[in-house]
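Hi everyone, thanks for coming. Please take a moment to look at the structure on the screen, and then we'll walk through a few parts of it together.

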Amino acid sequence: MLQLNNVCKNYRTTEVETRALADISFEISAGEFVAIMGPSGCGKSTLLNILGLLDQPSSGSYRLAGEEVAKASEHKLTAIRRALIGFVFQSFNLIDDLTVAENVEVALIYRKDKSRRKQRIAEALERVGIAHRAKHRPQQLSGGQQQRVAIARALVSNPKLILADEPTGNLDTANGDAVMGYLTGAAKAGTTVIMVTHSLVHAAAAQRTIKLLDGHVVSETKL
């Protein structure tokens, strides 16, 4: 599904240059569930932004679905993001003025996908057990319910890759376990899932764990 070779990311100011990622190399297969772990400031979010085409490496190669994207134009990156990637964030990132169903629909609007839109939204909400809240607004939902909506939004367009940034970080144990069940189910259905997490328990649900320290991959563990 994706391959990184010697990826580095540097941030420059007028006085100093900071290396956030150093010579990152790994491959992730289609349908694999991978957890990325490491202490705060180790480069996890930077790496996830590069994987999600929200940022570009300073050097190195990144191939996604067989295509080199490390130096692609912003127009090209946007098109690939729309076609391939779904995102799940720790803070849910729902739009308060939209209903649950409308928040899920945003993913299809972003992709300019009009095919069976209402049916697909209903199916996605049913899949995560939140269909009965379709007409509610985010502020009327619990944190766990909001994250279910966020997952439905990520799943509705059938992405090839889901990137989840601390998806259980703001949830209690029961809701966190439910979210992990949805992500595991997506991987079993053939979607590649990459999750940043601090939770050893939730990382154990993945097939492989990649650990970062000071911008370097320090270990990879298959479970």
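Let me start with a question: how far is the sulfur of Cys8 from the closest cysteine sulfur, and which residue holds that one? Keep in mind that we're looking at a predicted model. The partner is Cys42, and its sulfur is 15 Å from that of Cys8, which is too far for a bond. A disulfide would need the two sulfur atoms within 2.5 Å, and the count here comes to 0 disulfides. From the other side, Cys42 has Cys8 as its nearest cysteine sulfur and is in no disulfide either. Are these cysteines buried or exposed? Cys8 counts as buried because its relative accessibility is 3%, and Cys42 is buried as well, with a relative accessible area of 2%.

Now step along to Lys9, which sits in strand 1, residues 2-12. Is this lysine buried or exposed? Lys9 has 10% relative accessibility, so it counts as buried, since the cut-off for that is under 20%. What does its side chain reach? It reaches the backbone oxygen of Gln56, at 2.8 Å. Leaving aside neighbours within four places in sequence, Lys9 also has contacts that include Thr18, Arg19, Leu21, Asp55 and Pro57. Two more on that list are Thr46 and Ile50, and they bring us to the next element.

Thr46 and Ile50 are among the buried residues of helix 1. This helix covers residues 44-51 and is mostly covered, with 6 of its 8 residues buried. Besides those two, the buried ones are Lys44, Leu47, Leu48 and Leu51. Just after helix 1, have a look at Leu53, which takes a positive phi of about 65°.

Last stop: a pair of helices. Two packed helices are described by the angle between their axes and the distance between the axes. Which values do we get for helix 3, residues 100-110, and helix 5, residues 143-155? Their axes come within 7 Å and cross at roughly 35°, and the crossing is right-handed. On the helix 3 side, Val100, Asn103, Val104 and Ala107 take part, and they meet Val149, Ala152 and Arg153 of helix 5. Sorted by class, this contact has 5 nonpolar, 1 polar and 1 charged residues. For the spacing of those numbers, remember that an α-helix has 3.6 residues a turn, so residues three or four places apart point the same way.

That's my tour, and I'm happy to go back to any part of it.

How values were computed:
Residues are numbered from 1 along each chain as its sequence is written. This is a predicted model: local features need pLDDT of at least 70, side-chain atom pairs count only at pLDDT 80 or more; totals for chains, interfaces and linings use all residues. Side-chain values use heavy atoms; hydrogens and water are left out. Axes are lines fitted to C-alpha atoms, for helices over the stretch in contact, and angles run from 0 to 180 degrees between N-to-C directions. Helices (H or I, at least four residues) and strands (E, at least two) are DSSP runs, numbered from the N terminus. A crossing is left-handed if the near helix is turned anticlockwise from the far one by less than a right angle, and right-handed if clockwise. Contact means heavy atoms within 4.5 Å. Ala, Val, Leu, Ile, Met, Phe, Trp, Tyr, Cys and Pro count as nonpolar, Asp, Glu, Lys and Arg as charged, and the others, Gly among them, as polar. Buried means under 20% relative accessible area, exposed over 50%, partly exposed in between (1.4 Å probe, protein chains only). A polar contact is a pair of N or O atoms within 3.5 Å; within protein, one must be able to donate a hydrogen and the other to accept it, and residues adjacent in sequence count only if both atoms are side-chain atoms.
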